[in-house]
Amino acid sequence: MRSFSGWAAGLTAALLAGSAPAWAQAVAPSFANIFADHAVLQRDRPISVWGNAAPGETVTVKLAERTITAVAGSDGKWRATLPAMPAGGPYVMSVGGAGGTPAQQLSNVLVGDVFLCGGQSNMEFQVRHATGLEVIPSASDAQLRFVTIPDTSVPAPAADLPARAQWKAVSPETVGDASAVCYFMARSLRTTEKVPMGFIASEWGGTRIESWISASSLGKLPGFADRLATVATFGSDPAKAVAGEGARRERAWEAIDPAAKRERPFRAAAFDDSGWTTLPADDGQLPAADRAGLEGVVWLRTTIDLTAEQAAAAKRIQLGPIGKFDETYSNGRYVGGGSVDWVWRNYEFPAGVLRAGRNVIAIRVVGANGRMAFTNTANRMIGLGDGSTVPLNGPWRYRIGSPVRNAQVAPAPWEVPNSLTTLYNGMIAPLSGYGLKLAAWYQGESNTGEAGAYRGLMTNLMADWRRTFGQSDLPFFVVQLTAFGKPQTVPIDSGWAALRQAEAEAVAADANAGLAVTIDVGDRFDIHPAQKKVVGERLARLARVIAYRQPGLRSGPEAAEAIRQGSDIVVRFRNVTGGLQRYGGASAIGFERCAGTTCSFVDGMVQGDTVVLPGANRADVTGIRYAWSDAPFVNLFDGADLPAAPFTLPVR
């Protein structure tokens, strides 16, 4: 999976790409960066293409034998729509100006079906890490292509990707880098549809669903307006936004830590830290005696001498991951703060914050939980504008502060992976209008515990992406969260189970959506299970029924109702192929009867398309749950080897 270390540099590049007029960078007509050699365009619908040229210039676009013209607007942007084409190719696609000579020519372009795959790390999970030693050596299909959108977080919708897309044909040399779930879905569909296919992977590990929704759409939901306004300020005036964020975080820590006000001088350049303890230079960790039982505040300080040229060229401070919260100051001025322990800290310097000579870096770390996740010294440096660096090689001094516990400070709304709308801006908006056959989504791990909001967010995201791509009926397939975590010996409330239910409800309310149940292919020890082939093929099954309108059931067994029958409760299932069956035992396990919020396990007896829960019909029983834990053990499937979906139902 891709590193987080370069996201700040990507943000800077994207801001530059989005802020400078395209015609000022290249007057010659060109395509937007998603169009490239080896690309796949959507068949059987008008083909939207766009790009840049000099303002007012007439451009001519050619694809195979089809030609169309467009005029660039005052911003140097042009857009044209070619007639629909059947599957075929390879073709040459070109764009040229008034002289008639192509200014840009793309080769080996196919027309077929295009899939957009989004989400977090389980969608990002690459083929090279998936189960199956035979997968990579046997992967060779020149008519199956893919492109991975670079991680790009920006505060306003970007007009284009930062660089030309790298479309690749599937081969043993390339497929290892592809999204495994998306690849296995596309590979399965290729066997039945027999047309060229391409998939666009736009994903980023650890991110929340709110990052992937446009500001205009997210703003329609309650509770987001103020933070979206802050993101907008970050886009128009980053220094103002960062200063405001520093003040907000300081107020938050003052409410948590009684010593916070007294410790304000620790960040100042003039503060004398000679009485603090020097951090060992080898690994950047506190001595074992100080780490033991550590939970709370630790202050870190170091100095760095810069030449006048280095101070003027300094762009960012790079610190590597820090566990867990941090506020970082340069010469007493707040430059950034993080809230996730595994994310690399890369903070842009406001103008004038550094100077020639001695500079002081001070960091308040909170929530170390018995460790200091301050990575080795090679990860700590000042990044200059030309790409070179100046190491922060210490010495570092530290002071242990208040033992505050379970501290929580909301992250900045532009902070990846908890940002609002910034990944939509950088990784979805630049693709707006590109023709698609379907979209697939695998995300939710970062939103567990928030099921109440997730259903609305999922519904919002599906509608938002359909608007972005101009396809109101775009098929949208959701991979339901799989099993991960500690198995339970008694029923419990489960944030993972509740989020699965939210996903199921959002999909059930959408006629063009489908749910891929994966509860049986999780790994309770690894949040990234390797059996991606099964997941991709279940998405392909959904696609055949919903997107390609082939006969069949779109998914596996789903509970339709739970009814009282004598002393028993009977759960009736729909979407069952070949009857229900249980693996490895006489009973179907994972069922719970609930009296209000008190639940207990009960075995089930399979009878056709129903499961009978013997003796479960007691007067106080109000509901039935199934597979209701973070990592449930299940054995109920149908004849197509599809697992019964987790559920909670009232009893009638």
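The side chain of Ser214 makes a polar contact (N or O atoms within 3.5 Å, one able to donate a hydrogen and the other to accept it) with the side chain of Asp464, at 2.8 Å. This is a predicted model: local features need pLDDT of at least 70, side-chain atom pairs count only at pLDDT 80 or more, and totals for chains, interfaces and linings use all residues. Residues are numbered from 1 along each chain as its sequence is written, and side-chain values use heavy atoms, with hydrogens and water left out.

**Ser214**
- Ser214 sits in the loop between strand 11 (197-203) and helix 5 (215-218).
- Ser214 counts as buried (under 20% relative accessible area, 1.4 Å probe, protein chains only) because its relative accessibility is 5%.
- Leaving aside residues up to four places away in sequence, Ser214 touches Thr421, Tyr424 and Asp464; contact means heavy atoms within 4.5 Å.

**Helix 11 and helix 12**
- The axes (lines fitted to C-alpha atoms over the stretch in contact, angles from 0 to 180 degrees between N-to-C directions) of helix 11 (residues 451-468) and helix 12 (residues 495-508) come within 8 Å and cross at roughly 35 degrees.
- Residues making the contact include Tyr454 and Met458 of helix 11 and Leu499 and Ala502 of helix 12.

**Cis peptide bonds**
- The bond from Gly89 to Pro90 is cis, with omega near 10 degrees; Pro90 lies in strand 7 (residues 88-96).
- The bond from Val416 to Pro417 is also cis, with omega near 10 degrees.

**Positive phi**
- Asn331, not a glycine, has a positive phi of about 50 degrees.
- Asn331 is buried, at 16% relative accessible area.

Key. Helices (H or I, at least four residues) and strands (E, at least two) are DSSP runs, numbered from the N terminus. Buried means under 20% relative accessible area, exposed over 50%, partly exposed in between (1.4 Å probe, protein chains only).
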